[in-house]
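Student: Could you take me through one part of this model closely, namely a helix that packs against its surroundings, and then place that part in its wider setting?

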Amino acid sequence: MTAYKDIVRDGLWSNNVGLVQVLGLCPLLAVTGTFINGLGLGLATMTTLVTTNVIVSLIRKLVRPEVRIPVFVLVIASVVTVIELSMSAYLYGLYKVLGIFIPLIVTNCSIIGRAEAFASKNSVGRAFLDGFSMGLGFLLVLVTLGSLREIIGQGTLFSQAHLMFGEAARTWTITFVHDYSGFLLAILPPGAFMGLGLLIALKNTIDRRKAKRSVPLAVKEIESHA
Amino acid sequence: MTYRPVLISAVFLFLFAVIGSGLVAFTHNSTAERIAENQRRALLKSLNELVPASDYDNDIYSDILYVNNSELLGTDEAVPVYRARKGGWPVAAVLTPIAPDGYNGEIRLLVAIKLDGTLAGVRVLQQRETPGLGDNIEAERSDWILGFNGKSLNDPRQEQWKVKRDGGVFDQFTGATITPRAVVKAVKNTLLYYKQYGHNLFEQHPQPTNKS
């Protein structure tokens, strides 16, 4: 059994959906042109992951192994459709911006992946925490990539925040450079690939530094035991 | 071999299909009205940017006529025309033509023409132009589209309804000529359509059910 701490660490860092499993690339690369888009899709995906994980965990003892995949697919498709309809009803502006990528959450492999690999074998509490951590990990990658591309591509941050937070948020936009002509590459798909590549490289560098630092420590420990 | 486990699985799967569809149907039922209202409000908002709500008193959203002209409106489909009236008198017609030759496919426009044939304004409904270049046709991104306000087929003269690079009067964008060229052409064609058929647009009864 994985400890709660490890579930959280896996989701946020060591088994991150975007940076390590590299799943759900289609929405990840397509909508992260701005911070708000990333946040919107991240929240929708996270809600889906938490809900499907909990449902799958609840029914894990009822589902016979030979029909489990179709049942998971049914659960995921229903949940995503409900989320899509609700967004269209209550967050219409954002729904229009994210468009096709909301229903496409169904095809995000990380969701059925977590259902099959984790939720179907663990208690509801653990499945919930796993969905939450994995979703949050994905959301953080989306938001980071969205911010980077928005700052480099348009010279702004939090533009179009009113789509999510209402009219009062129109003033939230931070403009870094006035009369910025924009850097097209960052907004276009190639920029998304490069940005994700840089984020993965950054994560790997941090991991390697950490590993290096902890090796001498481990050696010392062995020495002290000897 | 026994059929029992297969049967149980099948029944279970069936149950889940029913529960899943039920959940979706229930959500659809409880949100449909709100979603339709959102769409209505979004379109009304765009319409009111072009034709101020104080200028008309009819239910513009329902006063729809569907017209078909592949040559001037850019599509084989019938496109809606919203009609603004005040005290029963025609005020403006808002057409929804398509510029078929954008840089990245179709650009759907909202073109409001006052009764006398001058433009009340133009807005983009849907486009897939290059972000940062072609999408400057959006009112949120630049003022370019506002340049159509008050223009008509006499001002500028017809042969000058082009972007500057082609010898006309409308600005192109640095690095993007195709998009503005497509929009200017579509707006001009819409004005030509209005000149030819405009007198007819207000006479016919609304056809709110014809969605084809």
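Tutor: What follows looks at one helix and its contacts, and then at the chain on the other side of the interface.

The model is a predicted one, and the part to look at is helix α4 of chain A, which spans residues 68-90. This helix packs against helix α1 of chain B, residues 4-50, at an angle of about 10 degrees and with the two axes 8 Å apart. Because angles under 35 degrees count as roughly parallel, α4(A) is described as roughly parallel to α1(B). On the α4(A) side the contact includes P70(A), V71(A), L74(A), V75(A), A77(A) and S78(A), and also T81(A), V82(A) and L85(A), while the residues of α1(B) that take part include L13(B), F16(B), A17(B), G20(B), L23(B) and V24(B), with R34(B), I35(B) and N38(B) also among them. Sorted by character, the residues of this helix pair divide into 14 nonpolar, 9 polar and 1 charged.

The helix α4(A) also has a neighbour within its own chain, helix α6 of chain A, residues 109-117. The axes of α4(A) and α6(A) come within 10 Å and cross at roughly 135 degrees, and the two helices are therefore oblique to each other. Their crossing is right-handed. Here F72(A), V73(A) and I76(A) of α4(A) meet I111(A), I112(A), A115(A) and E116(A) of α6(A), and these residues comprise 6 nonpolar, no polar and 1 charged.

Turning to the chains as wholes, the contact between them takes 24 residues from chain A and 20 residues from chain B. The side of chain B that touches chain A is made up of 12 nonpolar, 7 polar and 1 charged residues.

As for the rest of chain B, its domain assignment gives domain 1 (1-50) and domain 2 (56-201), and the C-alpha centres of these two domains of chain B lie 37 Å apart. Their contact takes 7 residues from domain 1 and 9 residues from domain 2, and the domain 1 side divides into 4 nonpolar, 1 polar and 2 charged residues.

Further along chain B, strand β1 (residues 64-67) runs antiparallel to strand β2 (residues 79-86), joined to it by 4 bridges, with V67(B) opposite V79(B). In turn β2(B) pairs over 6 bridges, again in the antiparallel sense, with strand β3 of chain B, residues 89-95, where L95(B) is the bridge partner of V81(B). The hairpin of β2(B) and β3(B) has 2 residues between the strands, and G87(B) takes a positive phi near 55 degrees in it.

Note on methods:
Residues are numbered from 1 along each chain as its sequence is written. Chains are lettered from A and ligands numbered from 1 in the order in which they are written. This is a predicted model: local features need pLDDT of at least 70, side-chain atom pairs count only at pLDDT 80 or more; totals for chains, interfaces and linings use all residues. Axes are lines fitted to C-alpha atoms, for helices over the stretch in contact, and angles run from 0 to 180 degrees between N-to-C directions. Angles under 35 degrees count as roughly parallel, over 145 as roughly antiparallel, 65 to 115 as roughly perpendicular and the rest as oblique. Two residues are in contact if their C-beta atoms, placed from the backbone, lie within 7 Å. Ala, Val, Leu, Ile, Met, Phe, Trp, Tyr, Cys and Pro count as nonpolar, Asp, Glu, Lys and Arg as charged, and the others, Gly among them, as polar. Two strands pair if DSSP finds at least two bridges between them. Domain bounds come from an automatic or database domain assignment. A crossing is left-handed if the near helix is turned anticlockwise from the far one by less than a right angle, and right-handed if clockwise.
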